[in-house]
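Hi everyone, thanks for coming. I'd like to walk you through a structure today, so have a look at it on the screen while I talk.

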Amino acid sequence: MTLLFQLLLNGLIVGALYGVVAMSFVLIYKASRIVNFAQGEFLLIGAWTCWWLLTSWQLPFWIGFPITLAFMLVFGIVLQVVVLRPMIGEPIISVIMVTIGLSIFFQAMMKWMFGVFAKPFPPIFASPTTNILGLDVQTVYVASLVISILIMAGFGWFFKYSKLGLAMRATAFDQQVAQSLGISVRHMFAMSWAISAMVSAVAGVTVGVVNGVSSALSFFGIKVFPAVILGGLDSVLGAVIGGLIVGVLENFAHYVDSQWLNWGNMYEIAPFYVLIIILMIKPYGLFGTKDIERV
Amino acid sequence: MANISLIPCGDFKTSYGSDTTIFPTVTSRNFAILGVLLLLACPFFMDRYWLNLCIQIGYLGIAALGLNILVGFTGQISIGHAAFFGFGAFASAWLSNSYGVPVALAIPLAGVMTTAVGMVFGLPAARLKGLYLAIATLAAQYILQDFFARAGWFTGGVAGTIAEPFTLFGFAFDTDESYFYVVLVYVVVMYVLATNLMRSRDGRALVAVRDHYLSAEIMGINLTKYRTMSFGISSFYAGIGGALYAHYLQFVSVEGFTILFSIQFLGMIIIGGLGSIMGSLMGTAFMVLLPEVMQAVTSALQGTAIDTALNLKEAIAFLREMAIGVAIILFLVFEPDGLAHRWKQIKAYWKLYPFSH
């Protein structure tokens, strides 16, 4: 029973992070219909930047972290303006292949700059473990769960009440109508990339603190796909729930595998089987809007 | 209509047949034949190093052409092409090792098997509008990679498997010089097949699906059928390419068919030209020669300030990956039609040579 609870908790913690990354993925998809294959690299860049600030410059975490976020904000805007803005008007498939190119470019660049081996973050919390309901949980995990929930709540508030968020939703709904209401679609695109990069960086730093920073972080960007397909490609709520389900599922798959099946590697592969099955039975996910067209 | 030697200044075609011929003039056909003849003579004057590169361009070019039919002509993305390429390699080796199927027969059979596997992943995704196929093939990439490492009966597990050399009528094509001809025959056949496909109703249907799926559907084109068909063809080509690779190296290792390799395939067709048959081959040549050129540049720079500053020798692998990424981005932004378009421009320039504008 304790084991079951432990698995569930681990799954929820990882799943919440998937949810956060999936949310920032959906943000870009909703705003500009771009399937962003470079989402994992945002985590990677954010985590390495923070790690570099903390180790090379010896900054305390509470200074280094905001600087990382500011950097990612600028990075997202620059990326959109320099690389993706010239692609407006090109077929969407070309834009997606540009993100694939970006992904491989940044991944190689990070490996080149920081090496291929995982590097640990300097310790951030005074006590490494906390006791929750009789279970020893690492403090970073608790912090990561709290951060994830905060981000999700922030997203909820942002899209429901802030003017920028409403403008973004309008852009996602219909670009031409939004333009006619005086919303700058170009700004909205840039903002969606900036926010997405920033939020992903938070997830990246969190995972980096837990597992150490390495190029494996960019795999988070791949794991996002099962989550968003499960939740529906264009649903923010679906992304969160899909992320949680994928997180729990891979932990259970890992357990089942290590106990009975002994196939190995289930932790990484199980979500992809789920992805294929979802595509077979419910292709638009749990909360996605189904496109209906009559010819 | 293949009886004129120069392209007339105007459109004087009177039938659809003459509009879709492969070679518009006698001269272009003769040049193509001359090109093949020149290639036939290659093993006599090329050394092993260049032959190896040519063979690589050959089998990768076949797989890249398959991807181009899917991406360039049908407008769907596949990010698992390397996994299918790998599956073709293992399938062919497995057929000839376990069942004694002659290699000459195992290669096309491997293509068929790869198509079947592709369908498992493609069928759920290809029926959907939008880019679900990209995501499904991403899953296929990881699932197949995992399968390669686990299915010892099929792939030999982590140890890899040996593949028998290509033999025909008792003659073994086990040297670079002889295998070059095997690859050349396959390249010519597969490229002619693809060219003819694009001249047929089915090929035009694929292009219609890419350009405007709604209009295509209104014109009576079954979207699901053509998306699935295109993915099947692309898997078939990947399987053939992979099988040729297996019997060239005569050993297949489970590593190497990674997502990076898949992206490299995408890079080949983007650089060569999306929706261009010969472009696939040009892009493959570019991608195969890129590391060689980088290697040459690195050794030329050895000992200079740039070398010490960047530590080139260790960074070369990363620089190569970065170069692939940059090439993909730059081509998509500045030359979306790829090298094939450049080649056309060069031809157009020389056609009107002294009076070109």
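**Two spans, then the whole chain**

Let's start with residues 7–28 of chain A: this span is 100% helix and 0% strand, and its end C-alpha atoms lie 31 Å apart. One thing to keep in mind throughout is that this is a predicted model.

Why pick that span? In an unreviewed entry, UniProt lists residues 7–28 of chain A under "transmembrane region", along with 61–83, 95–118, 139–159, 190–213, 225–249 and 269–287. Now take residues 269–287 of chain A, also on that list. Here the span is 68% helix and 0% strand, with 24 Å between the end C-alpha atoms.

OK, zooming out. How many helices and strands does chain A have? There are eleven helices and two strands. Reading from the N terminus, the order goes α-α-α-α-β-β-α-α-α-α-α-α-α, so you can find the two strands after the opening four helices.

What about overall size? Along the principal axes, the C-alpha atoms of chain A fill a box of roughly 55 × 50 × 35 Å. The radius of gyration of chain A is 19 Å, which agrees with the value near 19 Å that a compact globule of 295 residues would have. Of those 295 residues in chain A, 49% are buried. And if you take the contacts in chain A between residues at least 6 apart in sequence, 75% of them join residues at least 24 apart.

**Two odd residues in loops**

Here's a bit of background: most residues other than glycine have a negative phi. Now look at A:Arg33, in the loop between α1 (2–32) and α2 of chain A. A:Arg33 is not a glycine, yet its phi is positive, about 60 degrees. A:Arg33 counts as partly exposed because it has 16 C-beta neighbours inside 10 Å.

The other one is A:Gln58, which sits in the loop between α2 (39–56) and α3 (61–84) of chain A. Its phi is positive too, near 55 degrees. Is A:Gln58 buried or exposed? A:Gln58 has 9 C-beta neighbours inside 10 Å, so it counts as exposed. You can also look across to A:Pro122: it is 64 residues away from A:Gln58 along the chain, but the two C-alpha atoms are separated by 9.6 Å.

**Over to chain B**

Where do the chains meet? On the chain B side, 37 residues are in contact with 35 residues of chain A. The elements of chain B that each supply at least two residues to that side are α5 (103–126), α6 (132–150), α10 (213–218), α12 (259–272) and α15 (312–334). Which one gives the most? That's α15(B), with eleven residues. By type, the residues on this side of chain B divide into 30 nonpolar, two polar and five charged.

Last stop: helix α9 of chain B, residues 201–211. The buried residues here are B:Gly203, B:Ala205, B:Leu206, B:Val209 and B:Arg210. Looking down the axis of α9(B), those buried residues fall within an arc of 160 degrees, so they line one face of the helix. B:Arg201 and B:Asp211, on the other side of α9(B), are exposed. And what covers the buried residues of α9(B)? The cover includes α3 (48–73), α8 (176–199), α10 and α11 (223–249) of chain B.

That's my tour, thanks for listening!

Conventions
Residues are numbered from 1 along each chain as its sequence is written. Chains are lettered from A and ligands numbered from 1 in the order in which they are written. This is a predicted model: local features need pLDDT of at least 70, side-chain atom pairs count only at pLDDT 80 or more; totals for chains, interfaces and linings use all residues. Two residues are in contact if their C-beta atoms, placed from the backbone, lie within 7 Å. Ala, Val, Leu, Ile, Met, Phe, Trp, Tyr, Cys and Pro count as nonpolar, Asp, Glu, Lys and Arg as charged, and the others, Gly among them, as polar. A residue is buried if 20 or more other C-beta atoms lie within 10 Å of its own, exposed if 12 or fewer, and partly exposed in between; C-beta atoms are placed from the backbone. The radius of gyration is taken over C-alpha atoms; the globule rule is 2.2 Å times the number of residues to the power 0.38. UniProt positions are given in the numbering used here, feature names are shortened, and annotations may be inferred rather than shown by experiment. The arc is that of the directions from the helix axis to the C-beta atoms.
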